[in-house]
Amino acid sequence: MERADVAIIGGGLIGCATAWRLAQAGASVALFEAGELNAGASGQNAGSLHFQIERRFLEGSESLTGEAACIVALSRLAVEDWRGIEDALGVDLHVSMRGGLMVAETAGEVALLERKAAVEAQQGLSVETLDGDAARSIAPYLSPAILAANFSRDEGHSDPRILTPALAAAAQAAGATVRSRTRVERITREQGRFTLQGEGWTLAADRTLVAAGAWSAGVSALANLHMPLYPVPLMMNATARTAPIVPHLIQHVGRRLSLKQTHSGNLLIGGGWPSRLAQAPGGGFDLSRPAELLPASLAGNLRAAVDVVPRVARLDLIRSWTGVTAVSADQLPIVGEVPRMPGMWVAAGGSAFTLGLTFARLLAESMAGKVAPELAVVSPARFEHLNGFMG
């Protein structure tokens, strides 16, 4: 039987980054990915580095807004992690942090921006509220219909296609074992140690991390644990390459929109527009098949993009695609050790690109015994009651 200090299930950003951090610290690490590395949400998202409070938190209750304030504290750490990652890996990841604008088109949305900026200021995140003319003075491509914007100088984007492979390579260089196309089929725990089994292999580990994105709930079930994570199918679009137009990350406070220009010149347009999950023959969702693109989502997403950046209407749309991420029951990520099962760790449930490097660093430190109070707000302990009858 093989042995490792830590077994990691999931070859996305968080799994590979945690493997890298742990291996750097001297731990023996074995990472298992059922498919190909970076084939899930880590490689299919738009690469936004959005540190302002997300629109979905502003739509919720006051308690949800309060939790968003805690996420801001994590975002401050993420700013520094992103600023240092290219030097740490020695790889050009196309990280661009030239600022981000969250825009508003109505008086009600302007009020929402002001409320959001007040929460962010209380948490030490630097965000300026600009009127429409001031916003267009730094972003002349914006529509005259934009009444105001919150500007964060730290926001930007990176290339999700190259980040996770670079992290996996760094993990292997530090001594970690990384295995793609290796599905974990069974997890047992006896006398405080885990045994993972798949086709033709068995591994014993002191600790196990589940970082399998939309598949994390199913993987957790292998260990007899409920994890309230639900698959969410989203859509993205890319235009043809064009000369530099948009140096910033653009988001909308009242409509579903994120927009940025890649290193290659394409505009990426998204913002949380839904697609439709494939159905499994016996009921439930089939995550092995791509989600179906919805024409209404495509039209709505492009309409929002043209309304905010009119020059988008002159560009050809060359690709639309779907991807599946996961959200938790309360929309906050789930990151940390499962109290009911010491040694079992989980990391999934949203914001995994922007905060992924930070989650990985804090997870590696926590697994080494260092207290990480920043993870308290996203701890799986808040769902402990779901496992009260799981034996």
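Student: Which strand gives the largest share of the lining of the second largest pocket?
Tutor: In this predicted model, that share comes from strand 16, which contributes three residues to the lining.

Student: And which elements supply at least two residues each?
Tutor: Strand 16, spanning 317-328, is one of them, and helix 2 (41-44) and helix 7 (160-173) each supply at least two as well.

Student: What's the volume of that pocket, and which residues are closest to its centre?
Tutor: The volume is about 430 Å³, and of the 21 lining residues the closest to the centre are Asp159, Arg161, Thr262, Leu268 and Trp321.

Student: How many of the lining residues are nonpolar, polar or charged?
Tutor: The lining has ten polar residues, six nonpolar ones and five charged ones.

Student: Trp321 came up just now, so what sits over its ring?
Tutor: The charged end of Arg319 does, at 4.1 Å from the centre of the Trp321 ring.

Student: Changing topic, how many aromatic pairs are there?
Tutor: The count comes to two. One of them joins Phe32 and Trp201, which are stacked with 4.4 Å from centre to centre and 5 degrees between the planes. Phe32 belongs to strand 2 and Trp201 to strand 11, so this pair links parts of the chain that are 169 residues apart.

Student: Are those two buried or exposed?
Tutor: Phe32 and Trp201 are both buried.

Student: Why is the pair of Trp82 and Phe353 called tilted?
Tutor: Their ring centres are 5.3 Å apart and the planes meet at 35 degrees, so the pair counts as tilted. Trp82 lies in helix 4, whereas Phe353 lies in the loop between strand 18 and helix 10, so the pair ties together parts 271 residues apart in sequence.

Terms used: Residues numbered from 1 in each chain as written. Predicted model: local features only at pLDDT ≥ 70, side-chain atom pairs only at ≥ 80, totals over all residues. Heavy atoms only, no water. 1 Å grid on protein atoms, 1.4 Å probe; cavity = no way out; pocket = protein on both sides within 12 Å on 5 of 7 lines; lining within 4 Å. Points joined across faces, edges and corners; volume = space filled by probe spheres on them. Helix = DSSP H or I, 4+ residues; strand = E, 2+ residues; numbered from the N terminus. Nonpolar A, V, L, I, M, F, W, Y, C, P; charged D, E, K, R; others polar. Phe/Tyr/Trp six-rings, centres within 6.5 Å; stacked < 30°, edge-to-face > 60°. Buried < 20%, exposed > 50% of the residue type's maximum accessible area, 1.4 Å probe, protein only. Lys NZ or Arg CZ within 6 Å of the ring centre and 35° of its normal.
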